[in-house]
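This report looks at charged side-chain pairs. The structure comes first, then the account of the pairs.

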Amino acid sequence: MTIRVAVVGAAGRMGSTVCQAVQDAKGLELVARLDVGDTLDAEHLAGADVAVDFTVPSVTEANVHSLLDAGVDVVVGTTGWNEESYGRVREHLARPEAAGRSVLIAPNFALSAVLAMSFAAKAAPYFESAEVIELHHPNKVDAPSGTAVATAQGIAAARAEAGLGAMPDATQTDPDGARGAVVDGVHVHAVRLRGLTAHEEVVLGNPGEQLTIRTDSFDRASFMPGVVLAVRQVSSHPGLTIGLDALLDL
Ligand SMILES: NC(=O)C1=CN([C@@H]2O[C@H](COP(=O)(O)OP(=O)(O)OC[C@H]3O[C@@H](n4cnc5c(N)ncnc54)[C@H](OP(=O)(O)O)[C@@H]3O)[C@@H](O)[C@H]2O)C=CC1
Ligand SMILES: O=C(O)C1=N[C@H](C(=O)O)C[C@H](O)C1
């Protein structure tokens, strides 16, 4: 059976790459390319079964609610989500008119990044210290990256589960935020550099040793197998699914 796909944010860096990947994928048909100014209703969705959102953090949640109202399942790669916005999507999915609908939201569809997040959470209980450094192209509008936030949350959850306390850090003065953002107690540092695409390093330290876990997306092609997998599988996972790892049995 062919899955008809609409791409929202189709003129963007990711959206345009997703349009091509959908056109190249067996069993998928691109039926709509939507971007700023297009209404997300049944007419513009042109019979789509699944919509893919790669827009901007400020609009993605509203897009998901509109897409659910229009009766399609949704795959979201846009960043900027938090527990509150996830909660509102869960509430929407619990309404009778959205029964059976599916939404999958993933901060990163690259296999190397998904594995890096998984490895970092697995390693976290064995190290005193862990910090996340994300490095991206300078056109990125949000910092820290969604992937870095998810990585830090995974590290923090694994440390808490293992009964670890705060990490060692004697810093007493940091007026300019040199220690970076703090996500659930994990320091996250953001680099924006011309020439980069999407990269992340997780450094974990113990007395006398360090583990470095690094993922590099050199090209947006790296995200496409994960996006196509999500499009193919989203409708078989009713409700809200967070993270591509849920489809990978990690
Ligand atoms: N999950 C993953 O694997 C990945 C996630 N991302 C995330 O995807 C998002 C998009 O990244 P990227 O493609 O680089 O960004 P771009 O800025 O290149 O693309 C975003 C597109 O969305 C459009 N847009 C803005 N508002 C709306 C709206 N209300 N309705 C429809 N379209 C809209 C923009 O138009 P205009 O420019 O005119 O405003 C633009 O064409 C970011 O949040 C990024 O972090 C990126 C890579 C991988
Ligand atoms: O904006 C990007 O480019 C990327 N955004 C996502 C994020 O914020 O984690 C995924 C990837 O890092 C590329």
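## Salt bridges

A search of the whole structure, a predicted model, finds nine salt bridges. Several are described below.

Glutamate 61 pairs with arginine 88, with the closest N and O atoms 2.8 Å apart. Glutamate 61 lies in helix 3 (residues 57–69) and arginine 88 in helix 4 (residues 83–93), so this salt bridge ties together parts that are 27 residues apart in sequence. The two partners can be set side by side by accessibility. Glutamate 61 is buried, at 18% relative accessible area, under the 20% cut-off. Arginine 88 is partly exposed, at 39%.

Another salt bridge joins glutamate 201 and arginine 214, where the closest N and O atoms are 2.7 Å apart. It links distant parts of the chain: glutamate 201 is in strand 9 (residues 198–206), arginine 214 is in strand 10 (residues 209–217), and the two residues are 13 apart.

Arginine 214 also meets the side chain of aspartate 216 in a salt bridge, at 2.8 Å from N to O. Arginine 214 is partly exposed, with 41% relative accessibility. Aspartate 216 is partly exposed too, at 26%.

The three pairs with their N to O distances:

| Acidic residue | Basic residue | Closest N–O distance |
|---|---|---|
| Glutamate 61 | Arginine 88 | 2.8 Å |
| Glutamate 201 | Arginine 214 | 2.7 Å |
| Aspartate 216 | Arginine 214 | 2.8 Å |

Which residues are linked with Asp169 in a network of salt bridges? They are Glu131 and Arg179.

Terms used. Residues are numbered from 1 along each chain as its sequence is written. Chains are lettered from A and ligands numbered from 1 in the order in which they are written. This is a predicted model: local features need pLDDT of at least 70, side-chain atom pairs count only at pLDDT 80 or more; totals for chains, interfaces and linings use all residues. Side-chain values use heavy atoms; hydrogens and water are left out. A salt bridge is a side-chain nitrogen of Lys or Arg within 4 Å of a carboxyl oxygen of Asp or Glu. Helices (H or I, at least four residues) and strands (E, at least two) are DSSP runs, numbered from the N terminus. Buried means under 20% relative accessible area, exposed over 50%, partly exposed in between (1.4 Å probe, protein chains only).
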